[in-house]
Amino acid sequence: MTTPLAEVLDGQHAAELRKAARALLKQPLLLSHGRYAEEFRLVRRHAAELREWFDRNTGWPLHVDAETARLRKIPGVLDDATHPAREVTRAATPFTRRRYVLLCLALAALERGESQIALGRLADQVVLDATEPRLVAAGIQFTLDRRDKRLDLAAVVRLLLSLGVLRRVAGDEDAYVNGAGDVLYDVERRVLAGLLATRRGPSTVQAETLDGRLTQLVAETALDSDELRFRAMRQTLTRRLLDDPVLYYDELSDAELSYLTRQRGFLTARVADLTGLVPEIRAEGIAMVDAEDDLTDVRMPEQGTQGHITLLLAEYLAGMGGPVTADRLAQRVRELAAEHGGFWAKSAREAGMRSERGLCSKPGSTTENVTRTPWRQRRHRPAPTTEADGVAHSHLIRDRVLHELRRIRDACGGPRVGHGVGDDAQSGQS
């Protein structure tokens with residue numbers, strides 16, 4: 001018979017384990033100091049259970065030592081381009097191709113360098129490494145004689161600072177960008193060593209195409225038995241349930257869909273027990289909904305002008321029967337501005353903001369926020385947005401946007417919001 005004290009202790013243990021797991025999903029690299037120090041202590045306390053769960057259900061290795069906790073996540077879909085790195089600024093601008101190459105070169109230079117390095121010295125090493133013949137043949141050239149070029153390197157360094165790879169000792173990146181100073185950093189080698197999340201070294205990959213190289217980087221041992229193949233499918237599906245806003249049936253192979261159909265209840269229950277995410281099962285697929293609303297990188301705008309436009313656009317998207325182009329959304333925002341502009345902020349009514357390249361389509365605009373939120377709600381790592389060939393998939397938008405609308409409605413006591421496609425399907429556990 002369980003005593004009240006034992007029940008309390010069991011409940012406390014389960015709550016701590018859930019908080020630790022959610023912290024790793026939100027921030028796969030935790031440090032013993034700084035913003036996530038408390039979460040790090042919880043992960044270290046429950047490291048054995050977390051390591052066993054992630055290894056069995058996702059195939060993600062968890063490394064924990066006295067200073068760092070690193071969940072080496074591998075995405076369920078390797079060619080998902082909607083979640084790249086972003087600037088560590090309010091604008092959160094996505095990294096360009098140039099900045100990605102700079103990031104790789106900077107990491108290589110730091111790996112070979114000393115425990116301290118100046119930004120100017122790091123820049124010199126990056127420029128030197130960029131003369132490697134294969135990079136030159138690919139059309140990649142770096143010079144840091146102009147301010148905008150130095151700004152790219154500063155963005156990379158700020159990302160490394162946010163990850164804990166570097167610790168600023170003296171100086172300021174803005175001074176370096178303006179050509180008026182330098183910056184000195186300590187290099188945290190333990191953190192640097194834990195960044196790579198592949199199963200093999202990139203230098204050992206022989207494939208020529210991008211898809212082939214990505215596949216080889218994360219390839220497992222030969223799946224030469226039914227047990228290994230089923231395990232690989234279970235891990236892939238669990239990764240997608242954890243990482244993606246919606247797992248769509250039509251994106252799965254026949255074998256994966258068959259396995260999910262048989263094991264859906266087991267898979268969703270395992271994820272729900274550890275993380276607290278609630279399965280919402282519909283005709284098109286499965287969404288693991290976060291009732292606590294803190295595992296999403298990009299939240300749906302709820303207040304002010306952007307919140308109003310979000311609701312209006314969401315109702316429009318919910319009523320559409322197929323894909324909606326970005327141009328059509330831009331036109332719809334202009335129509336809404338004519339009808340409701342009197343209730344919006346002045347900046348939203350200015351001619352430049354209402355133009356086709358203004359409110360409707362510039363990066364970070366309301367239309368971009370509303371239509372990109374479902375793609376960017378990867379729940380965990382900060383990551384960027386792409387245009388996805390300029391077409392917003394209305395089914396995906398409806399599933400996530402309407403869920404948010406219903407949550408807002410319930411909180412505010414507002415009228416019922418119309419449901420999207422798939423409401424005849426079951427919801428919750430299956």
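Here is a short walk through this predicted model, one selection at a time.

**Colour by confidence**

Start with pLDDT. The protein chain averages 78, and 78% of its residues reach 70 or more. Now select residues 351-364: pLDDT is below 50 there, and the stretch has 36 contacts in the model beyond near neighbours in sequence. Do likewise for residues 370-430, where pLDDT stays under 50 and the model has 182 contacts beyond four places in sequence. Where pLDDT is low, the predicted coordinates should not be read in detail, so hide both stretches if they clutter your view.

**The largest nonpolar core**

Next, show side chains for Leu24, Leu30, Val43, Leu50, Phe54 and Leu260. Of the 42 residues in the largest nonpolar core, these touch the most other members. The elements that each supply at least two residues are α1 (4-26), α2 (37-45), α3 (47-57), β2, β3, α11, α12 and β9 (285-289). Helix α1 gives the most, with six residues. Another core, of 36 residues, lies apart from this one; for a glimpse of it, select Ala130, Ile140, Leu166 and Leu195, which are among its members.

**Zoom in on Phe54**

Back to Phe54, which counts as buried because its relative accessibility is 0%. What does Phe54 contact, leaving aside neighbours within four places in sequence? Turn on Ala21, Leu24, Leu25, Gly59, Trp60, Leu71 and Leu274 and you have the set. Trp60 is buried too, with a relative accessible area of 0%. Add Trp53 and you're looking at one aromatic cluster made of Trp53, Phe54 and Trp60.

**Aromatic pairs**

The model has four aromatic pairs. In one of them, the rings of Phe54 and Trp60 have centres 6.2 Å apart and planes at 25°, so the pair is stacked. Now jump to Phe230 and Tyr259, a stacked pair with 5.9 Å centre to centre and 25° between the planes. Phe230 sits in helix α11 (residues 226-243) and Tyr259 in helix α12 (residues 254-275), so this pair ties together parts that are 29 residues apart in sequence. Try a surface view here: Phe230 is partly exposed at 37% relative accessible area, whereas Tyr259 is buried at 7%.

**Along α11 to Arg240**

Stay in helix α11 and pick Arg240. Is Arg240 buried or exposed? Buried, with a relative accessible area of 6%. Not counting residues up to four places away in sequence, Arg240 touches Gly76, Val77, Leu247, Glu251 and Leu252.

**Strand β3 and its partners**

Switch to cartoon and select β3, residues 68-71. Thr68 and Arg70 point one way from the strand, Ala69 and Leu71 the other, and all are buried. In a regular strand the side chains alternate between the two faces of the sheet. Strand β1 (residues 29-31) runs antiparallel to β3, joined to it by three bridges, and Leu31 stands opposite Thr68. Strand β2 (residues 62-64) is also antiparallel to β3 and joined to it by three bridges; here Val64 has Ala69 as its bridge partner. Look for the hairpin that β2 and β3 form, with three residues between them.

**Last stop: helix α4**

Finally, select residues 97-112. Helix α4 has 16 residues and reaches 23 Å from its first C-alpha to its last, close to the 22 Å expected at 1.5 Å a residue. Its buried residues are Arg98, Arg99, Val101, Leu102, Leu103, Leu105, Ala106, Ala109 and Leu110.

Notes:
Residues numbered from 1 in each chain as written. Predicted model: local features only at pLDDT ≥ 70, side-chain atom pairs only at ≥ 80, totals over all residues. Heavy atoms only, no water. Buried < 20%, exposed > 50% of the residue type's maximum accessible area, 1.4 Å probe, protein only. Helix = DSSP H or I, 4+ residues; strand = E, 2+ residues; numbered from the N terminus. Pairing = 2+ DSSP bridges. Phe/Tyr/Trp six-rings, centres within 6.5 Å; stacked < 30°, edge-to-face > 60°. Contact = heavy atoms within 4.5 Å. Expected span 1.5 Å × (residues − 1). pLDDT = per-residue confidence, 0-100. Core = buried A, V, L, I, M, F, W, Y, C linked by side-chain atoms within 4.5 Å.
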